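Student: Please take a close look at the salt bridges in this model. I would like the pairs one by one, with their surroundings.

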Amino acid sequence: MHLVDKSAPRDIGARVSSGQVVFAANPSPIRTKGIPLTKVISIANQKGGVGKTTCSINLGGALAERGYRVLCVDMDPQANMTVGLGVALSDVQASMADVLSEDRVSLDDIVRETESPGLWIAPATLELASTEVELFTAIGREMVLRDALSGWVENQFDVVIIDSPPTLGLLTINALVASSRVIIPVQTQYYAIKGLTALIKVINTIKLKLNHDLEVLGLLPTFFDGRTVLAREMLDNLRGLGDHRVFNTMIKNTVKFGEAPLTGRPITDYASNSAAARSFRELAQEVIELG
């Protein structure tokens with residue numbers, strides 16, 4: 001399975017003032033002829049502070065830089081992905097809360113461009129938390145996001161990246177049911193690795209009962225500091241688990257990651273020549289190759 005470009009016309013292009021989507025001048029992505037498929041990738045881990053939003057924004061930016069049309073879907077009521085891509089929450093009139101609510105607003109009505117070419121955002125607001133409560137009584141509650149994406153997103157984008165909240169609630173379950181792949185950021189610390197068990201159990205249950213196509217694309221080491229013995233030991237432990245692939249790319253904690261959200265741009269755009277940007281380009285390449 002590969003990320004695939006599509007040659008059919010896209011309505012989303014009409015939203016760009018020039019009438020065309022212009023991509024950054026970077027090497028062309030690996031393309032595969034055949035039936036066009038949009039890949040939906042969730043970034044998930046119920047533990048907070050492992051870098052889910054950082055990974056979501058910057059993987060999206062790195063793929064957009066390669067020429068893919070990327071939709072970032074913010075499923076976290078904290079809305080850090082939305083803000084990190086330059087959207088002021090005060091300007092958001094309709095969000096993912098409306099898409100998932102009983103009224104079922106169309107994704108097409110809320111998606112907006114970012115300042116980075118090839119990158120769009122479906123924003124979230126704090127209202128998403130109350131929407132999750134409403135979902136508990138909804139019929140087909142686990143499949144609302146999948147239904148919202150189906151039949152529309154594949155004609156608009158090559159890749160969808162979903163940033164999920166730090167819980168194993170209905171918002172995360174909706175993200176996983178809608179996805180074909182999941183990337184799990186794992187901080188190279190003892191408790192972070194111990195917490196993998198519950199998430200993997202949920203993923204396996206969803207794969208068995210709700211989404212047979214769901215696969216773990218890989219475990220992504222984050223906040224890695226190779227200078228410490230603990231970080232190196234935890235990385236070895238992560239690789240020794242054996243059940244799932246560990247990405248070769250390791251995301252190290254740098255000042256640039258803290259600065260980029262203030263600019264509303266991915267690290268590949270804000271600090272293009274930094275080591276942090278290079279790491280996400282390497283991750284994007286792994287994602288392309290793995291499918």
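Tutor: In this predicted model, R141 has a relative accessibility of 29% and counts as partly exposed. The salt-bridge partner of R141 is E142, with the closest N and O atoms 3.6 Å apart, which is inside the 4 Å limit for such a pair. E142 is likewise partly exposed, at 21% relative accessibility; the cut-off for buried is under 20%, so E142 does not count as buried.

The count for the model comes to five salt bridges, and the pair of R141 and E142 is one of them. Another joins E215 to K207, where the closest N and O atoms are 2.8 Å apart. Both of these side chains belong to partly exposed residues: E215 has a relative accessible area of 36%, and K207 has 27%.

A further salt bridge runs between R281 and E65, with 2.6 Å between the closest N and O atoms. R281 sits in helix α12, which covers residues 275-290, while E65 belongs to helix α1, residues 52-65; the pair therefore ties together parts that are 216 residues apart in sequence. The two ends have different surroundings: R281 is partly exposed at 24% relative accessible area, whereas E65 is buried at 11%.

Helix α12 also holds a charged residue without such a partner. E286 lies in that helix and is buried, yet it has no salt bridge. For E286, the nearest side chain of opposite charge is R245, 6.5 Å away; a salt bridge requires a nitrogen and a carboxyl oxygen within 4 Å, so this pair does not qualify. Leaving aside residues up to four places away in sequence, E286 touches F247, N248 and T249.

As for the setting of these pairs, the chain has twelve helices and seven strands. Of its 291 residues, 52% are buried. Contacts that reach across the sequence can be put in numbers too: among those between residues at least 6 apart, 80% join residues at least 24 apart. The salt bridge of R281 with E65 links parts 216 residues apart. The chain exposes about 13,100 Å², and carbon and sulfur atoms supply 52% of that area.

Terms used. Residues numbered from 1 in each chain as written. Predicted model: local features only at pLDDT ≥ 70, side-chain atom pairs only at ≥ 80, totals over all residues. Heavy atoms only, no water. Helix = DSSP H or I, 4+ residues; strand = E, 2+ residues; numbered from the N terminus. Buried < 20%, exposed > 50% of the residue type's maximum accessible area, 1.4 Å probe, protein only. Lys, Arg positive; Asp, Glu negative; His and termini not counted. Contact = heavy atoms within 4.5 Å. Areas by Shrake-Rupley, 256 points an atom, 1.4 Å probe, with all protein chains shown as cover.
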